[in-house]
Amino acid sequence: MNEENNAFVVGGKSFTAVAINCAAKAGEWITTKLGNHSRLELKHSSHDLVTEVDKGSERLIRNLIGTHFPHHSFLGEEGVEPGPEASVQALEDVSDAEYLWIVDPIDGTTNFVHGFPFFCVSIALAYKGEVIVGVIYDPIKDELFVAEKGKGAYVHGKRMGVSEEKTLRESLIATGLPTDQQYALPLNLKEIACIAPEVRNLRIAGSAALHMAYVAAGRLTGFWEIGLNSWDLAAGALLVKESGGTVTSTQGESYTLGVRNIMVTNGHIHDELLHALAKADTKE
Ligand code: 2AM
Ligand code: CA
């Protein structure tokens, strides 16, 4: 067996099993802290929150992965300074990694802080820069979304598939409101004004990763958001791809770990959504 075929298992340990175990453990721990977290820090602004639960969840995942795979590299949201420059640099710093775990310990921190039940743990493994495992766990609904490159994507152990809508008019589309109020938010509001009249309806629920899992599961037709980081997107991108959907930047470029402006859809409406967004003329 060559190295590529053997990429999922080292020393008999399945990468996917470890990812699932970490996501489940972290998710379970997070829910015990819901409504009773004590320390709240502001990252950039009052819109950008981090709790001790984010940090504890990341520590738990990092330690577990380090125990199983001590030679693998790790990129987690809480290990990186706030702001786009630091995120881009952090990804650059691990660009030579053979195996890279990319972790968002709580995606949807604002929801977690407010007790709005839409957040998740997102764990991806990239091999030489390409995502090969993606796991997203919603501890509130106890839903585990799992994808392996070339092997499909599953929720509750059942194969997932994207939805069937063929036009924007019949599509349920999600987006996210960026925390960067100076630059990204005005652009996003312009895009929303352009897209809202074209679709069946819009949803803005506050977790990029979970929105992407919902596209993979056929519950949303598509999702776009600007100014995101690799840890928000890596697992969700594989879930959508392995569910038969399309994953690009909002400019239509192929997905890579460096993409920050994301569009994922069921495939059928991808070009129509790209064109509709282009009409907003935001030049993100
Ligand atoms: P988070 O909850 O892990 O911070 C909501 O629109 C999405 O944007 C969430 O996935 C959220 O992830 C992400 N997000 C929040 N603050 C961000 C920031 N400063 N930069 C990039 N993404 C952010
Ligand atoms: Ca996140």
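**Exercise 1. Which residue in strand 10 does Val146 stand opposite?**

Solution. The model is a predicted one. Start from the pairing: strand 9 (residues 143-148) and strand 10 (residues 152-155) run antiparallel and are joined by four bridges. Within this pairing, the residue opposite Val146 is Tyr154. The two strands form a hairpin with three residues between the strands, where Gly150 takes a positive phi near 80°.

**Exercise 2. Continue from Tyr154 to strand 11 and state which residue Tyr154 stands opposite there.**

Solution. Strand 10 is also joined to strand 11 (residues 158-159), by two bridges, and this pair runs antiparallel. Tyr154 stands opposite Arg159 in strand 11. The turn of this hairpin has two residues between the strands, and His156 in the turn has a positive phi of about 50°.

**Exercise 3. Classify the ring pair of Phe15 and Phe69, and locate both residues.**

Solution. Searching the whole structure gives eight aromatic pairs. For Phe15 and Phe69, the centres are 5.0 Å apart and the planes make an angle of 85°. The cut-off for edge-to-face is over 60 degrees, so an angle of this kind falls in that class. The pair of Phe15 and Phe69 is thus edge-to-face. Next, place the residues: Phe15 lies in helix 1 (residues 15-33), whereas Phe69 lies in the loop between helix 2 (52-68) and strand 5 (73-76). The pair therefore ties together parts that are 54 residues apart in sequence. Both residues are buried. Phe15 and Phe69 also belong to a cluster linked by ring pairs, together with Tyr99, Trp101 and Tyr127.

**Exercise 4. Do the same for Phe118 and Tyr214, then find which charged end sits over the ring of Tyr214.**

Solution. The ring centres of Phe118 and Tyr214 are 5.5 Å apart with the planes at 85°, so this pair is edge-to-face. Phe118 is in the loop between helix 4 (109-114) and strand 7 (120-127), and Tyr214 is in helix 6, so the pair ties together parts 96 residues apart in sequence. For burial, the cut-off is under 20% relative accessible area. Phe118 has 10% and is therefore buried. Tyr214 has 14% and is therefore buried. The charge over the ring of Tyr214 is that of Arg219, 4.7 Å from the ring centre.

**Exercise 5. Is Ile204 buried or partly exposed, and which surface patch does Ile204 help to make?**

Solution. Ile204 lies in the loop between strand 13 (201-203) and helix 6 (208-216). Its relative accessible area is 42%, so Ile204 is partly exposed. With Leu177 and Leu189, Ile204 makes a nonpolar surface patch of about 260 Å².

Notes: Residues are numbered from 1 along each chain as its sequence is written. Chains are lettered from A and ligands numbered from 1 in the order in which they are written. This is a predicted model: local features need pLDDT of at least 70, side-chain atom pairs count only at pLDDT 80 or more; totals for chains, interfaces and linings use all residues. Side-chain values use heavy atoms; hydrogens and water are left out. Patches are made of residues with over 30% relative accessible area and no salt bridge: like charges are joined within 9 Å, nonpolar side chains (Val, Leu, Ile, Met, Phe, Trp, Tyr) within 5 Å. Accessible areas come from the Shrake-Rupley method with a 1.4 Å probe; for residues, only the protein chains shown count as cover. A salt bridge is a side-chain nitrogen of Lys or Arg within 4 Å of a carboxyl oxygen of Asp or Glu. Buried means under 20% relative accessible area, exposed over 50%, partly exposed in between (1.4 Å probe, protein chains only). Two strands pair if DSSP finds at least two bridges between them. Rings of Phe, Tyr and Trp (its six-membered ring) pair if their centres lie within 6.5 Å; planes under 30 degrees apart count as stacked, over 60 as edge-to-face and the rest as tilted. A charge sits over a ring if NZ of Lys or CZ of Arg is within 6 Å of the ring centre and within 35 degrees of the ring normal.
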